[in-house]
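Got the viewer open? Here's a short walk through the model, one selection at a time.

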Amino acid sequence: MRAIPKIQIKKLGAAILLILWIGLTVLPVLAGETTSFSMEQTVLPEGSPCVVQYEQAEDNAWVGIYPQGQVSEDSLLFRDDISQGDGTAQIAADLSAGRYSMVFYADGKKETTQVDFEVTGEKFYACRRKVVQGSDTAFFFAETSTTESWIGVYPADAVPQESESLVWGYLAADMNTVAASALDDGPMEFTELPIGDYTAYYFSSGDYSSQIGQFEFSVTEPEPDEPVYYIRAENAQPGTAAGKIIFNTKRYKFDQYYYLYWGQEDGILKGYTPLGQVDLQETRHFTISNNLEAPEGADRIYVFAGSADEADLDAEPFVLTMPEGIRGEEEILRAAFAIVSDIHITEHSFYSYNKRYKTVLRDIRQNMKDASVLLNLGDVTNNGKEKEYQQLEKLMEVYQYDLPDIYYIMGNHDYALNKFDPEQQQELFLEYTGMPDIYYSFESQGYAFICLSSEGRPKGTELNTVEAYLSEDQLDWLEEELKKAAGQNPSQPIFVFLHQPLEDTVALSEESSIIPNDQLREILDQYPQVVFFSGHTHCPMDASGVVYDGMGNGASMVHAGCTSQLWDMEEDTYADVDSVDSQGCLVEVYDSYIRIRGRNFTTQEWMGSAEYILYTNR
C-alpha cells in the first residue's frame with residue numbers, strides 16, 4: 001500500500017472536517033429533519049394565545065409573527081423566545097382580527113418553518129380553514145349552546161333552508177365547543193366528507209332564522225401518496241391507536257374487500273384475529289376506536305385483499321408502519337381476572353350454548369392462567385329452570401379442574417324473564433352457584449370486587465322482561481362498599497359488576513334497563529376509579545362503544561362480551577345461532593391502567609380489534 005504524504009493528510013483532514021461541518025449544520029436544515037414546528041389550531045379568537053409545538057430548538061431559538069405574506073424585519077409584529085429542546089409554548093401576542101404568519105427560528109438566525117394562521121372576531125368558527133380528508137376538527141361558539149342549538153355543514157354554494165345539510169347534529173346544553181365528528185344526526189359522518197368547499201352554520205334553535213354565525217372551510221386531499229395511510233385522532237390518548245386508516249382510492253384501483261392485521265417486521269401477529277375488514281363499496285375509511293391499543297409487539301398493520309368471507313394471505317399486502325405510542329407503557333402486572341356473560345345454559349346438554357361454554361372453559365384454563373377469578377355476569381341459564389342449573393352443575397363437575405374461582409351474577413333470564421316468583425328464582429341461583437347472596441363483595445389480589453344483582457320483580461309492580469331492579473337497601477350497601485374500598489386504597493381501581501348496562505354508556509345501551517338507573521349512575525360517578533362491567537346486550541367485543549371512558553370525571557363502563565349468541569350490529573338482530581363466535585375478555589390490572597383483552601373462544605385467538613386500555617389512576 002502506498003504511503004500518503006503528510007501534506008495530503010492535512011488537506012484530507014481539513015476536507016473531512018469541512019464535510020462534517022456541512023453535514024451537521026447545512027444539510028439537516030436543507031433536509032428539514034432536525035426540527036419541527038406546528039400549530040394545532042390555526043384559527044383563533046381575538047385575545048387568545050397561539051399554542052405551538054416544537055422540537056430541537058437551540059438555546060437562542062425564537063418565533064416571529066408577521067402580517068401574512070410580509071415576512072421581513074421591517075414587518076415584524078411580535079417576537080418571543082422559545083425554550084431549548086422540545087416542548088409546547090403559548091405565544092401571547094394579543095393580535096387583532098386578521099391573517100398572520102408565524103416563523104420559527106430554531107437556531108436563532110435562519111427561518112426553519114413558517115405557519116400561516118388567522119385571528120377572528122366571529123362568534124362561530126372552527127380550529128382550521130383546511131381540514132385533511134378523513135380527519136376531525138372542532139367548532140367553537142361564543143354563545144353557550146342549549147339543547148335546541150345545532151350545527152349543520154353544507155356545500156359552499158348551498159342555502160341552509162333550501163338544501164339538506166350533509167353533516168349536522170344537536171348540541172348539549174352549556175357547551176362552547178364540539179368535535180365535528182360528534183355531529184352524528186345527519187346522513188354522513190364529518191370524516192367522510194368529499195374533497196371540496198363547505199360552510200358550517202350555527203343555529204341557536206330549530207328555526208333557520210336563529211343563525212348565529214357561519215364558517216367557510218375546505219376538505220383537502222391528504223398529502224401521502226401511499227394507497228393506505230393512517231391519521232391519528234386528535235383526542236387520542238397516549239397508549240392508544242385511535243385514528244383512521246384511509247384507502248386512497250382516487251390514486252389507486254383496489255379490489256372490493258380488504259382485511260387489516262396487526263403485525264411485526266416478520267409478518268402478521270400470530271394468535272390474533274384481524275383488526276377489521278373494509279368493503280370499499282361502502283367506505284374507504286377504517287376507524288380505530290378510542291381506547292383501542294395495539295397488541296404487544298405490533299408496530300405495523302398489514303392490509304390484504306380478499307373476498308367477502310376471508311383475506312387472501314398469499315397476496316402481497318400493503319404495509320402500514322404505525323407511529324410510536326399506540327400501546328400503553330409497560331408496567332408490572334398486579335392482577336388479572338376473566339369475564340364471561342350470557343352463557344344461557346339450557347336443559348339439553350347437546351345444545352349449542354352448552355357446547356360453546358365447554359369450549360370457553362377449556363380455553364380459559366389453557367390461555368388465561370394469570371386470572372385469579374372468573375366473573376360470570378348473568379343469564380347463566382336460558383329460562384331460569386332447575387334442569388338448566390343441573391346441566392351447569394354437571395358441566396362444571398367435568399371442567400372446573402384448574403379453573404380460577406368462579407363468581408356468578410343473576411341476569412333477567414335467571415329470573416325467568418321476570419315472570420316467576422323472584423324469591424324462588426333466587427333460591428335456585430344460590431343453591432346451584434354457591435354464592436353468598438345475590439349481591440355481595442369480595443377481594444382478590446388486593447383489589448375490591450363488588451357484584452350487584454337485579455332483585456327481580458317487586459310485588460305489586462310491573463317489570464318488563466329485561467329490566468333489573470335494585471332496591472334502596474342494595475344501593476345503600478353499594479355506597480358503603482365503595483366508601484370502604486376507596487378508603488383502603490384511593491389510587492386503585494374498584495371493579496363493579498351487574499348484568500345490565502347503565503343507560504347511554506356502552507354499545508346498545510340507548511334505553512334504560514336498570515331501575516333506578518340515574519341513582520345508580522350518580523353513586524358510581526362519585527368514584528372515578530370505578531370500572532363497571534356488564535353484559536346483557538350480546539354485542540361483539542369490537543363493536544363501537546364497547547368501552548365508555550369516564551376520563552377521570554366519573555365511572556368508566558365496559559361491555560364484557562357474550563358466549564352464547566352475538567348480536568349482528570349491521571342486521572340489528574341475533575346472528576345465526578350455529579355460526580357465531582363466543583367472546584369474553586381477560587382484564588389485566590396495572591398501576592396506572594387496566595387492559596381489557598377481547599378473546600374469541602371459538603377460534604382460540606385474542607381479538608386484534610378488541611384490546612382496550614383504560615387509565616384508572618389519573
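Which side chain meets Arg-129 in a salt bridge? Select Arg-129 and look for Glu-216: their side chains pair up at 3.9 Å, N to O. Keep in mind that this is a predicted model.

Now show the cartoon around that pair. Arg-129 sits in the loop between β9 (124–126) and β10 (130–132), while Glu-216 belongs to strand β16 (residues 211–220), so the bridge ties together parts that are 87 residues apart in sequence. Switch on a surface and you'll find Arg-129 partly exposed, at 25% relative accessible area. Glu-216 is partly exposed too, with a value of 37%.

Next stop: select Glu-347 and Lys-385. This is another salt bridge, with the closest N and O atoms 3.3 Å apart. Both ends are in loops: Glu-347 lies between β25 (335–340) and α2 (352–367), and Lys-385 between β26 (373–376) and α3 (386–399), so the pair links parts 38 residues apart in sequence. Glu-347 counts as partly exposed at 26% relative accessibility, and Lys-385 likewise at 39%.

Then jump to Glu-611 and Arg-597, whose side chains meet in a salt bridge at 3.4 Å, N to O. Here the partners are on strands: Glu-611 on β40 (residues 605–615) and Arg-597 on β39 (residues 593–600), so parts 14 residues apart in sequence are tied together. Buried or exposed, what is Glu-611? It is buried, at just 1% relative accessibility. Arg-597 is buried as well, with a relative accessible area of 13%.

Keep those two selected and add Glu-293, Arg-327, Glu-588 and Arg-595: salt bridges with shared partners join these residues with Arg-597 and Glu-611 into one network. If you want to hunt for others, the count for the model comes to 17 salt bridges.

Last, a change of scenery: colour helix α5 (residues 472–488) and helix α6 (residues 517–525). They pack at an angle of about 10°, with their axes 10 Å apart. That angle is under 35 degrees, so α5 runs roughly parallel to α6.

To see what makes the contact, show sticks for Glu-472, Leu-475, Leu-478, Glu-479 and Leu-482 on α5, then for Gln-519, Leu-520, Ile-523 and Leu-524 on α6. Colour them by class and this contact shows 6 nonpolar, 1 polar and 2 charged residues.

Technical notes. Residues numbered from 1 in each chain as written. Predicted model: local features only at pLDDT ≥ 70, side-chain atom pairs only at ≥ 80, totals over all residues. Heavy atoms only, no water. Axes fitted to C-alpha atoms, helices over the stretch in contact; angles between N-to-C directions. Helix = DSSP H or I, 4+ residues; strand = E, 2+ residues; numbered from the N terminus. Parallel < 35°, antiparallel > 145°, perpendicular 65-115°, else oblique. Contact = heavy atoms within 4.5 Å. Nonpolar A, V, L, I, M, F, W, Y, C, P; charged D, E, K, R; others polar. Salt bridge = Lys/Arg side-chain N within 4 Å of Asp/Glu carboxyl O. Buried < 20%, exposed > 50% of the residue type's maximum accessible area, 1.4 Å probe, protein only.
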